[in-house]
Amino acid sequence: MSILIQLCPALLLLTGILIAVFRDLRSQTSLLRIQGIGLGLLPLLLAIEQHSVALAIAGIIELSIRGILLPGLLMRTIKRLPQEQDPATTRNTASSFLLSGAVSVAAYLAFLPLTRVTHTQLAQSSFIGLALVFLGIQVLLVRRQAVGQIIGFLMIDNGIDTFGFLATLGVPFVLELGVSLDLVFVILILAALTNRMVRKFEGTDVDELSELGDR
């Protein structure tokens, strides 16, 4: 069981790097689904090991909202989008890998001083949450389509959640439920705005929309 628990943070980091590298929105959303499932499995596995009902409820909430509901909403929005190419997708894959690796190493180095006050191996993996936040910011800055930026936003939130969970080895499930429901409402609003942008401007390129606003 402990091996599976240790593998969950590695899965979260791997999916974060691949989301930052992949160019296709559907592939990114599928990876985001796997990341959400991994985020839900972590408290569930800890709940089995520690016989904790609170951790089990927190895991079910994470799994339902971040692993199923939010990626499902994003995938529905992507199916309605016109076929448009994100200018960021013309970048070289190798350079994207290098940038994502550098971002992950920077997160590890930033967390290094805090490892002296952490006493468990799982808590020392907290830098992975910070790496997901950095990778989410990378996606947010590089992608020019609205849905790509929503994926970056969700990665940042997953990173904050991962950092909080690994650092404290548990978040009250009532707090987790409140934060997750707020996130669902935000994504519903952003998805509705994206659909409206498609109907009105026949595209979601944020640079083109900024140019329209300047005229």
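This briefing looks at how helix 2 packs against two other helices, and at one serine in helix 4. The model is predicted, so local features need pLDDT of at least 70 and side-chain atom pairs count only at pLDDT 80 or more, while totals for chains, interfaces and linings use all residues. Residues are numbered from 1 along each chain as its sequence is written, and side-chain values use heavy atoms, without hydrogens and water.

**Helix 2 and helix 6**
- Helix 2 (residues 25-50) packs with helix 6 (residues 146-168) at an angle of about 15°, their axes 11 Å apart.
- That makes the two helices roughly parallel (angles under 35 degrees count as such, and those over 145 as roughly antiparallel).
- Among the residues that meet are Leu32, Leu39 and Pro43 in helix 2, and Ile151, Met155 and Phe165 in helix 6.
- Twelve nonpolar, six polar and one charged residue make up this contact (contact means heavy atoms within 4.5 Å).

**Helix 2 and helix 3**
- With helix 3 (residues 53-79), helix 2 packs at an angle of about 170°, and the axes are 7 Å apart.
- Helix 2 and helix 3 are therefore roughly antiparallel to each other.
- Their contact brings together 18 nonpolar, eight polar and five charged residues.

**Ser104**
- You can find Ser104 in helix 4 (residues 93-111).
- Ser104 is buried, at a relative accessible area of 8% (buried means under 20%, with a 1.4 Å probe and protein chains only).
- Leaving aside neighbours within four places in sequence, Ser104 touches Leu13, Ile17, Ala131 and Leu135.

How values were computed
Axes are lines fitted to C-alpha atoms, for helices over the stretch in contact, and angles run from 0 to 180 degrees between N-to-C directions. Helices (H or I, at least four residues) and strands (E, at least two) are DSSP runs, numbered from the N terminus. Angles under 35 degrees count as roughly parallel, over 145 as roughly antiparallel, 65 to 115 as roughly perpendicular and the rest as oblique. Ala, Val, Leu, Ile, Met, Phe, Trp, Tyr, Cys and Pro count as nonpolar, Asp, Glu, Lys and Arg as charged, and the others, Gly among them, as polar. Buried means under 20% relative accessible area, exposed over 50%, partly exposed in between (1.4 Å probe, protein chains only).
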